[in-house]
Amino acid sequence: MTYRFLLEAYADIAPSWAQHPILVGICGSEAHGTKLPPEDPHVTDDLDVFAVTVQPPAFYLGVSALGHARQDFNTNGHGLDITAHDARKFIGLLGKGNPNVHSWLWTPDVRYASVGAIPLLAARERLLSKRMFPALIGYATAQLHKMLQGERSGYMGAKRKELLRQYGYDIKDASHCIRLLHVGIHLAKSGELMVRLASEVADTVKAIKGGKWTVRQVEREAERLFAEFRSVEPMSQLRDQVPLSELDALCVAVIEAA
C-alpha cells in the first residue's frame with residue numbers, strides 16, 4: 001500500500017478528532033516480516049495500521065478534556081485494521097510498558113511522521129522499561145491459553161474459524177505466542193525492541209501460521225521459550241519504570257511540536 005493511498009484510506013475511516021496524525025505506520029505481520037504470501041490458503045491477516053494523533057490546544061487546555069473523551073479508536077474486520085491513540089493516551093500506555101504501542105516507535109515501516117513525532121522517536125530507547133516484561137509474558141500466556149482452549153472473543157473471520165476446525169487449535173494464536181516470547185527474550189538481552197523478526201524467528205512463526213507445526217510442537221517450543229525468558233529477564237539493564245516527570249515532559253514536547 002503506497003504512502004498516499006494509506007493516508008487517504010486513514011482519512012476516510014478516522015473520526016474528525018483524529019484527522020491530524022503525527023505518526024502513521026504499518027504494524028502486525030507486515031512489520032514483523034511474518035506475512036504469508038497471498039496465495040497461501042492459511043492467510044487470515046488484514047493490513048494493520050497505527051496512528052498517533054494530536055488534537056487542538058482547546059482539548060488539552062479547555063473543558064474538552066473532561067471525561068477523557070476522544071482518546072482512541074479502532075476498526076476491525078474491514079481489511080484495513082486501524083488502531084489510533086491520542087498522544088496523551090499513547091504516552092500513558094508507553095509508561096505502563098504496553099509492548100504493542102512501544103512497537104510503533106520501533107517499526108521499520110513508518111509511513112508518515114510529522115515534526116510532532118520527532119520527540120517520540122528520539123525517546124524510544126529511554127521509554128523502554130522492565131514494566132514491559134509482565135505484559136509480554138501475560139500476552140504470550142493468554143495466546144497459548146486461547147490456542148489450546150479454542151476460546152474466541154471479538155472478531156474472527158470465517159477462514160480462521162475453518163482453520164481452527166482443521167487443526168484443532170488456533171495456529172494464529174500459536175504464532176503470536178511464540179513471536180511474543182522471542183521479542184521478550186531479545187528485549188531482556190539487548191535492551192532493544194525487535195519488531196522486524198530475525199529471519200530464523202520469522203521462519204518459525206510463518207511455519208506455525210502455515211499449519212506446519214503440530215500443537216504438541218508449539219507447546220514444547222513455548223515451554224522452552226518461557227523458561228529462557230524467565231532466565232534472562234533478571235539480567236535486563238532496563239530501568240524499572242519511566243518516571244512520571246519524564247512522561248509529562250515528553251507529552252508537553254510532543255503537543256507543542258505538533
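These legends describe close-up views of a predicted model.

**View 1. A buried salt bridge joins helix 8 and helix 9.**
Asp173 and Arg160 form a salt bridge, with the closest N and O atoms 3.0 Å apart. Asp173 belongs to helix 9 (residues 171–190), and Arg160 belongs to helix 8 (residues 158–167). The pair therefore ties together parts that are 13 residues apart in sequence. Both Asp173 and Arg160 are buried. In the whole model, the count comes to 14 salt bridges. Side chains of opposite charge can pair when their charged atoms come close.

**View 2. Arg216 and Glu219 pair within helix 11.**
Their side chains meet in a salt bridge of 3.7 Å, N to O. Helix 11 covers residues 215–232. Arg216 and Glu219 are 3 residues apart in this helix, so about one helical turn separates them. Arg216 is partly exposed, with a relative accessible area of 42%. Glu219 is also partly exposed, at 26% relative accessibility.

**View 3. Arg239 and Glu246 form a salt bridge.**
The closest N and O atoms of Arg239 and Glu246 are 2.9 Å apart. Are the two residues buried or partly exposed? Arg239 has 32% relative accessibility and counts as partly exposed. Glu246 has 33% and also counts as partly exposed.

**View 4. Four charged residues share a salt-bridge network.**
Lys189, Glu221, Arg224 and Glu228 are linked in this network of salt bridges. Helix 9 runs over residues 171–190. Helix 11 runs over residues 215–232.

**View 5. Thr34 is buried in a loop.**
Thr34 is found between helix 2 (29–32) and strand 2 (47–53). Its relative accessible area is 3%. Which residues does Thr34 contact, leaving aside its neighbours within four places in sequence? They are Ser29, Leu197, Ala202, Val205, Lys206 and Lys209. Helix 10 spans residues 199–209. Its buried residues include Ala202, Val205 and Lys209.

**View 6. Helix 10 turns a set of buried residues toward other helices.**
The buried residues of helix 10 are Val201, Ala202, Thr204, Val205, Ala207, Ile208 and Lys209. These residues pack against helix 2, helix 9 and helix 11. Gly211 follows helix 10. The phi of Gly211 is positive, near 75°.

**View 7. Strand 2 pairs with strand 1 and strand 4.**
Strand 1 (residues 21–27) and strand 2 are antiparallel and pair over 6 bridges. Ile26 has Val49 in strand 2 as its bridge partner. Strand 4 (residues 80–86) runs parallel to strand 2, and 7 bridges join the two. Leu47 stands opposite Leu80 in strand 4. In strand 2, 6 of the 7 residues are buried, so the strand is largely enclosed by the rest of the structure. In a regular strand the side chains alternate between the two faces of the sheet.

**View 8. The largest cavity has a volume of about 80 Å³.**
The structure holds 1 cavity of 30 Å³ or more. Leu36, His42, Val43, Thr44, Asp45, Arg160, Leu163, Leu164, Asp170, Ile171, Lys172 and Lys209 line the largest cavity. Helix 8 and helix 9 are the elements that give two or more residues to this lining. Helix 8 supplies the largest share, 3 residues. The lining divides into 5 nonpolar, 2 polar and 5 charged residues. Arg160, one of the lining residues, also forms the salt bridge with Asp173. Lys209, another lining residue, is among the contacts of Thr34. Rolling a probe the size of a water molecule over the atoms shows where empty space is left.

**View 9. The second largest pocket has a volume of about 170 Å³.**
Its lining residues are Arg88, Ile91, Gly92, Gly95, Lys96, Arg131, Gln241, Val242, Leu244, Leu247, Asp248 and Cys251. Which elements give two or more residues to the lining of this pocket? They are helix 4 (87–95) and helix 12 (244–257). The lining holds 5 nonpolar, 3 polar and 4 charged residues.

Key. Residues numbered from 1 in each chain as written. Predicted model: local features only at pLDDT ≥ 70, side-chain atom pairs only at ≥ 80, totals over all residues. Heavy atoms only, no water. Helix = DSSP H or I, 4+ residues; strand = E, 2+ residues; numbered from the N terminus. Buried < 20%, exposed > 50% of the residue type's maximum accessible area, 1.4 Å probe, protein only. Contact = heavy atoms within 4.5 Å. 1 Å grid on protein atoms, 1.4 Å probe; cavity = no way out; pocket = protein on both sides within 12 Å on 5 of 7 lines; lining within 4 Å. Points joined across faces, edges and corners; volume = space filled by probe spheres on them. Nonpolar A, V, L, I, M, F, W, Y, C, P; charged D, E, K, R; others polar. Pairing = 2+ DSSP bridges.
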